[in-house]
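Please open the model in your viewer and keep the selection tool at hand. The stops below follow one another, each with something to select and a note on what is found there.

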Amino acid sequence: MQIIRDIAALRLARRHLVEAKQSLALVPTMGALHAGHMALVAAARQLADQVAVSIFVNPTQFGPGEDYIGYPRCEAQDAEKLASAGVALLWTPPREAVYHPDHRTFVRVTDLGDDYCGATRRGHFDGVALIVAKLFNQIQPDYAIFGEKDWQQLTIIRQMTRDLDFPTRIHAVPIIRESDGLALSSRNAYLSSAQRVAAACFPHALQQAQSEIRAGAVVADVLATARVAILAGGFDAVDYIHLVDANGLGRLNSLRPPARILAAAQIGQARLLDTYPL
Ligand code: AMP
């Protein structure tokens with residue numbers, strides 16, 4: 001596996017792949033890799049001849065007071081995992097190689113980033129869309145793989161890819177969970193052992209809501225009950241919990257598939273996301 005930190009070396013490596021007529025799939029990450037990320041790598045290997053993974057903790061998607069500084073970073077272990085998974089290129093640039101001091105451009109996907117995570121994390125999705133657009137320009141992947149866990153992010157990236165005519169094909173991978181149902185996340189590292197045990201109430205409440213909505217219960221009542229269960233289970237706050245249209249992300253008061261339950265909740269230092277399909 002080639003570990004690349006500057007754009008000139010990246011472009012050269014990409015040119016070699018084009019010359020060798022090898023297709024390339026990109027898995028963008030912020031590192032602290034877990035089995036969820038590795039499922040994206042496995043999907044990438046199925047789609048393309050070669051796989052590139054980016055590890056970059058992107059400052060423009062963190063708001064003031066968020067966890068940019070403390071975000072878990074463990075590049076050596078990450079590189080080992082990726083090398084043994086058959087990844088060809090690891091793109092892990094320093095901040096200065098990605099953002100010049102006079103950087104001024106943002107990418108804004110209107111509406112889709114305003115609600116849900118975007119309502120509490122103002123500007124977050126502008127930073128996400130910007131870094132993904134930059135990665136697509138830097139790496140020019142034939143495919144890019146994203147997790148369904150970050151459903152709002154996935155929806156925004158699909159829209160941006162269409163709107164800006166990127167030739168990259170977007171592929172989504174279902175959520176990988178721990179045995180008790182908790183979605184794997186780099187931010188689970190912030191949980192104490194007691195919080196980690198308690199955190200399982202979050203997916204349990206959402207799964208319960210999923211089956212009740214499927215059975216025809218009143219959506220608002222089901223979501224209110226789930227909110228109470230998450231708080232009673234040890235979470236400090238439920239940021240949001242909604243049933244939404246899976247494609248346009250508009251809120252739904254009654255089930256109209258394809259739909260998803262989207263939720264975010266805070267436990268200790270960790271803000272956790274989850275989603276279930278309907
Ligand atoms: P992150 O490093 O948190 O930015 O995540 C990088 C990619 O991995 C994103 O596309 C996420 O949606 C995806 N991802 C994170 N956790 C999981 C998971 N538990 N299952 C599947 N994909 C995930």
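Begin with helix α7, and colour its buried residues, which are Trp-151, Gln-152, Gln-153, Leu-154, Thr-155, Ile-156, Ile-157, Met-160 and Thr-161; buried here means under 20% relative accessible area, exposed means over 50%, and partly exposed lies in between, with a 1.4 Å probe and protein chains only. Before going further, note that this is a predicted model, in which local features need pLDDT of at least 70 and side-chain atom pairs count only at pLDDT 80 or more, while totals for chains, interfaces and linings use all residues. Residues are numbered from 1 along each chain as its sequence is written, and side-chain values use heavy atoms, with hydrogens and water left out.

**Helix α7 and its surroundings**

Select residues 151-163 to see the whole of α7, whose 13 residues reach 18 Å from the first C-alpha to the last, close to the 18 Å expected at 1.5 Å a residue; the expected span is 1.5 Å times one less than the number of residues. The element names come from DSSP runs numbered from the N terminus, helices being H or I runs of at least four residues and strands E runs of at least two. If you now show α5 (117-120), α6 (124-139), β5 (143-147), β6 (169-173), β8 (259-267) and β9 (270-277), you have the elements against which the buried residues of α7 pack. Just after the helix, select Asp-165, which takes a positive phi of about 60°.

**The loop before α7**

Step back to Lys-149, in the loop between β5 and α7. What is the nearest side chain of opposite charge to this buried lysine? It is Asp-150, 4.1 Å away, and Lys-149 has no salt bridge, a term that requires a side-chain nitrogen of Lys or Arg within 4 Å of a carboxyl oxygen of Asp or Glu. For charge, Lys and Arg count as positive and Asp and Glu as negative, while His and the chain ends are not counted. Leaving aside neighbours within four places in sequence, Lys-149 is in contact (heavy atoms within 4.5 Å) with Ile-175, Ala-183, Leu-184, Ser-185, Leu-273 and Thr-275.

In the loop between β5 and α7 you can also select Glu-148, which pairs with Arg-260 of strand β8. The closest N and O atoms of this salt bridge are 3.8 Å apart. Arg-260 is buried, with a relative accessible area of 6%, and Glu-148 also counts as buried, at 18%.

**The ligand**

Display the ligand next, together with the residues around it, of which there are 17 (a residue is near if one of its heavy atoms lies within 4 Å); His-37, Gly-147, Asp-150, Ile-176 and Leu-184 come nearest. A polar side-chain atom of Asp-150 lies 2.6 Å from an oxygen atom of the ligand, and a polar side-chain atom of His-37 lies 2.9 Å from a ligand oxygen. At Met-30, look to the backbone instead, where an N or O atom lies 3.0 Å from an oxygen atom of the ligand.

**Helix α2**

From the ligand, follow His-37 into helix α2. His-37 counts as buried because its relative accessibility is 13%, and, apart from neighbours within four places in sequence, His-37 is in contact with Thr-29, Gly-31, Ala-32 and Ser-186. Among the other buried residues of α2 are Gly-36, Ala-39 and Leu-40; the buried residues of this helix pack against β2 (24-29), β3 (50-55), α3 (75-84), β5 and β6.

**Salt bridges elsewhere**

There are eleven salt bridges in total. Select Arg-5 and Glu-75, whose closest N and O atoms are 3.1 Å apart; Arg-5 lies in the loop between β1 (2-4) and α1 (7-19) and Glu-75 in helix α3, so the pair ties together parts that are 70 residues apart in sequence. Then select Arg-108, Asp-114 and Asp-126, which are linked in a network of salt bridges.

**Backbone details to finish**

Select Asp-111, in the loop between α4 (95-98) and α5, where phi is near 70°, a positive value in a residue other than glycine. Asp-111 is exposed, with a relative accessible area of 58%. End at Pro-257 and Pro-258, which are joined by a cis peptide bond with omega about 0°; Pro-258 lies in the loop between β7 (237-245) and β8.

How values were computed
Polar contact = N/O pair within 3.5 Å; in protein donor to acceptor, adjacent residues only side chain to side chain.
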